[in-house]
Amino acid sequence: MTFVRVVEPVRVPSMPLVPSSVRGQIAGQADAVSKIRVAAARRQVVAAAAALAPSSWRARGMVRTGLPLAGLLAAVRAERADVLVLGARGAGAVTHFLLGSVAEAALKHAPVEVLIVK
């Protein structure tokens, strides 16, 4: 079993009117936040895998960066997974309409069966 967490990198918007020194500081802060988020994701997948160790399940964690759906589908293919299990956050209708749903997109595009848990 492989636990996968996909972390979206912090994207800095284009700021052509902001001085380059300030843009550099903002980019550095965005990189620092991304590193913190990746480290937190690593701790989460390691903890999830460790929780299964007493039951003799072989499990490991994997952290990818990028868009969530693309990262999950890439992991499914790379791991030759039989099933993709996703947690549904339960975002409201407006949020779902504006942002879409990774779980819903996985249902449409995953090359394996998808189980969505709440």
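Leu 115 lies in strand E4, and this residue is a convenient place to enter the structure, which is a predicted model. With a relative accessibility of 44%, Leu 115 counts as partly exposed, because that class covers values between 20% and 50%. Leu 115 also belongs to a nonpolar surface patch of about 310 Å², which it makes together with Val 83, Val 85 and Val 117. Two strands stand behind this patch, since E3 and strand E4 (113-117) each supply at least two of its residues.

From E4 we can move to helix H4, because E4 is among the elements that cover the buried residues of H4, a cover that also includes H2 and E3. Which residues of H4 are buried? They are Ala 103, Ala 105 and Ala 106. These residues cover an arc of only 160 degrees around the axis, and therefore they sit on the same side of H4. On the face of H4 turned away from that buried side, the reader will find the exposed residues Leu 107 and Lys 108.

Helix H2, which takes part in covering H4, deserves a careful look of its own. Its twelve residues, 68-79, should span 16 Å at 1.5 Å a residue, and the C-alpha atoms at its ends are indeed 16 Å apart, so expectation and model agree. Within H2, the residues Gly 71, Leu 72, Leu 73, Ala 75 and Val 76 are buried. What do the buried residues of H2 pack against? Their partners are strand E1 (2-7), strand E2 (60-65), strand E3 (83-87) and helix H4 (102-109). E3 thus appears in several parts of this account: it packs against the buried residues of H2, it helps to cover those of H4, and it supplies residues to the nonpolar patch. After H2 comes Arg 80, a residue whose phi is positive, near 55 degrees.

The last stop is a loop, the one between E1 and helix H1 (20-52), where Pro 9 has its place. Is Pro 9 buried, partly exposed or exposed? Its relative accessible area is 34%, so Pro 9 is partly exposed. If residues up to four places away in sequence are not counted, Pro 9 touches Ser 34 and Gly 66. Arg 42, for its part, is 33 residues from Pro 9 along the chain, and the C-alpha atoms of these two residues are separated by 15 Å.

Note on methods:
Residues numbered from 1 in each chain as written. Predicted model: local features only at pLDDT ≥ 70, side-chain atom pairs only at ≥ 80, totals over all residues. Heavy atoms only, no water. Helix = DSSP H or I, 4+ residues; strand = E, 2+ residues; numbered from the N terminus. Expected span 1.5 Å × (residues − 1). Buried < 20%, exposed > 50% of the residue type's maximum accessible area, 1.4 Å probe, protein only. Contact = heavy atoms within 4.5 Å. Patch = residues over 30% accessible without salt bridge, like charges linked within 9 Å, V, L, I, M, F, W, Y side chains within 5 Å. Areas by Shrake-Rupley, 256 points an atom, 1.4 Å probe, with all protein chains shown as cover. Salt bridge = Lys/Arg side-chain N within 4 Å of Asp/Glu carboxyl O. Arc of directions from axis to C-beta.
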